[in-house]
Amino acid sequence: MIILFFLLVGFFQINFPPFLRLFGAAPNLVLVFVLIWFLTRKESKPSLPFNFLIGLSAAGLFLDLFSGLFFGLITLGLLGTVYLIDWLKKKIFSQINFWTFSILSLSSVLFYNLIILFSYKFFQPSFITNWKYYLVYSIPLEVIYNTILVLLLLFVIRLRGKPRRISFLWA
Amino acid sequence: MPSFYVNKKRYWKIKRKAGFVLPVFIIAVIIFLNAQGLLEGPKNIFFRIISPFQKDIYSLGVNLNKFADFLRRIKKTEEENIKYQEENQKLKGKIAELREVVSENKFLRQQLGLPDNQKKQLVLVNIIGREPTNLGDYFLIDKGRKDGLNEKSAVIAANNLLVGRIIEVSDYSAKVLLFTHPESRIDVLVQESRVNGLMRGGLIIDWILPNETIEAGQTIITSGLSGLFPKGLLVGEVEEVIFSDAQIFKRARVKPAADLDRLEMVFVIK
């Protein structure tokens with residue numbers, strides 16, 4: 001079920017976010033849903049179930065097929081980011097509140113973009129020369145946009161009446 | 001501690017580690033296979049299956065975008081309508097003038113024995129997806145090598161508007177790099193003043209000498225110098241000229257002529 005869900009999110013990512021661009025930044029729906037998933041699941045559950053990782057990889061490969069980047073980079077970026085969030089959540093942000101989660105969102109979107117940027121530079125070096133554009137403009141904009149989107153969606157989820165799972169967010 | 005408990009704990013630890021490593025390993029294998037060109041077949045099958053309905057879904061996304069844009073601009077509609085009507089009148093006059101120039105040009109070519117301008121061979125293609133990351137302006141089209149498309153072929157929209165060029169082609173699909181990509185470089189020409197320049201991605205023309213004439217509103221076309229794009233494709237118009245006494249060269253910001261977010265179909269120049 002989670003694999004199908006991720007494929008659906010990947011499908012939406014291909015068809016709709018390019019049209020939701022604000023100042024050139026588009027939302028990364030897969031990453032946004034990964035973050036929401038991490039935050040709304042029960043604390044007691046063991047982290048990163050296998051089918052979650054397979055679903056995420058399937059969505060990543062789907063995105064890779066449509067991307068102009070080297071095939072597989074988006075998937076690797078997503079997996080790397082998920083491992084980072086998992087590690088940060090376990091080791092640093094064991095008690096999550098609104099602020100720590102905002103930092104978690106910011107750092108994971110930033111990490112994802114940097115992985116993609118540097119692997120792109122490694123695999124297709126001729127295509128990345130305008131570093132200033134990416135590091136000063138494009139990436140910060142995407143980080144802010146996606147973090148705001150995650151926080152908004154969590155707020156909506158909270159309004160829709162599932163406060164028990166995410167109440168720690170707003171403590 | 002009972003041994004079965006220790007084994008169980010160890011089993012879960014190994015399983016968890018395998019769960020971490022396995023997906024990365026699978027992706028690494030896929031990257032390797034792709035680099036060797038072994039995934040071309042499955043990719044072609046995927047795009048042949050998905051293309052027919054993907055183009056409709058993409059079109060739905062474009063229409064949603066158009067609708068949202070319409071809602072955003074609804075207040076300005078009347079104002080814009082008057083502006084466009086005025087512009088339309090001016091353009092009608094210009095078209096009549098240009099028709100005269102075309103017939104004169106045809107006559108002179110005949111008199112001088114010059115060959116006619118070569119007509120471009122165009123292939124109509126549907127856009128089936130956009131780049132999902134922020135690192136590039138690409139889109140995917142539903143025709144490929146089997147339809148005669150090649151890498152580096154120029155891609156245009158109706159009315160000769162520049163869109164980009166093909167950077168990767170497979171049997172039934174191709175990837176197009178838009179000319180707005182930060183890494184793109186195009187040799188351009190200011191139509192009115194015949195000033196040549198290099199337009200970088202981010203839509204900036206650099207290295208224009210201070211004594212050369214370039215003004216806001218002037219038309220930018222491809223110069224055809226690099227051979228990547230044929231001469232005369234409409235790129236856009238000069239939006240702003242950036243120059244101060246402290247600078248040696250002038251720079252100009254270009255507003256693209258094609259609305260790249262609303263394209264559903266484009267032409268590839270064979």
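These legends walk through close-up views of a predicted model with chains A and B.

**View 1. Where chain A meets chain B.**
Welcome to the interface of this predicted model. Here 45 residues of chain A are in contact with 43 residues of chain B. Together the two chains bury an area of about 4000 Å², and carbon and sulfur atoms give 68% of that area. If you look for charge pairing between chain A and chain B, the count is 0 salt bridges. Polar contact is found for 2 residue pairs across the interface of chain A and chain B, both at pLDDT 80 or more.

**View 2. The side of chain A that touches chain B.**
Which helices of chain A each supply at least two residues of the side that touches chain B? They are helix 1 (2-15), helix 3 (50-66), helix 4 (73-91), helix 5 (98-123) and helix 6 (131-159). Helix 3 of chain A provides the largest share of this side, with 9 residues. Sorted by character, the residues on the side of chain A that touches chain B are 30 nonpolar, 11 polar and 4 charged.

**View 3. The largest nonpolar core, with F52(A) in the middle of the legend.**
The largest nonpolar core contains 62 residues. Those with the most contacts inside this core are F6(A), V34(A), F52(A), L56(A), F66(A) and F101(A). Helix 2 of chain A (residues 29-40) gives the most to this core, namely 10 residues. Take a moment with F52(A): leaving out residues up to four places away in sequence, F52(A) touches I2(A), F6(A), V34(A), W37(A), F38(A) and V82(A). A second core, separate from this one, has 43 residues, and I141(B), L203(B), A252(B) and V268(B) are among them.

**View 4. T147(A) on helix 6.**
This view turns to T147(A), which lies in helix 6 of chain A. Is T147(A) buried or exposed? T147(A) counts as buried because its relative accessibility is 5%, under the 20% cut-off. Setting aside neighbours within four places in sequence, T147(A) is in contact with S102(A), S105(A) and L106(A).

**View 5. R145(B) and D171(B), a salt bridge between two loops.**
Over all chains, the structure holds 5 salt bridges, and one of them joins R145(B) to D171(B). The closest N and O atoms of this pair are 3.1 Å apart. R145(B) sits in the loop between strand 2 (138-141) and strand 3 (154-157) of chain B, whereas D171(B) sits in the loop between strand 4 (161-169) and strand 5 (174-178) of chain B. The pair thus links distant parts of the chain, 26 residues apart. R145(B) is partly exposed, at a relative accessible area of 42%.

**View 6. D206(B) and R251(B), a salt bridge between two strands.**
In this close-up, the side chains of D206(B) and R251(B) meet in a salt bridge, 3.2 Å from N to O. D206(B) belongs to strand 8 (residues 204-208) of chain B and R251(B) to strand 11 (residues 250-256) of chain B, so the pair ties together parts that are 45 residues apart in sequence. D206(B) is buried, with a relative accessible area of 10%, while R251(B) is partly exposed at 27% relative accessibility.

**View 7. D259(B) and R262(B).**
The last view shows the salt bridge that D259(B) forms with R262(B). Their closest N and O atoms are 3.1 Å apart. D259(B) is partly exposed, with a relative accessible area of 41%. R262(B) counts as partly exposed too, at 27% relative accessibility.

Terms used. Residues numbered from 1 in each chain as written. Chains lettered and ligands numbered in written order. Predicted model: local features only at pLDDT ≥ 70, side-chain atom pairs only at ≥ 80, totals over all residues. Heavy atoms only, no water. Contact = heavy atoms within 4.5 Å. Buried area = accessible area lost by both parts, 1.4 Å probe. Salt bridge = Lys/Arg side-chain N within 4 Å of Asp/Glu carboxyl O. Polar contact = N/O pair within 3.5 Å; in protein donor to acceptor, adjacent residues only side chain to side chain. Helix = DSSP H or I, 4+ residues; strand = E, 2+ residues; numbered from the N terminus. Nonpolar A, V, L, I, M, F, W, Y, C, P; charged D, E, K, R; others polar. Core = buried A, V, L, I, M, F, W, Y, C linked by side-chain atoms within 4.5 Å. Buried < 20%, exposed > 50% of the residue type's maximum accessible area, 1.4 Å probe, protein only.
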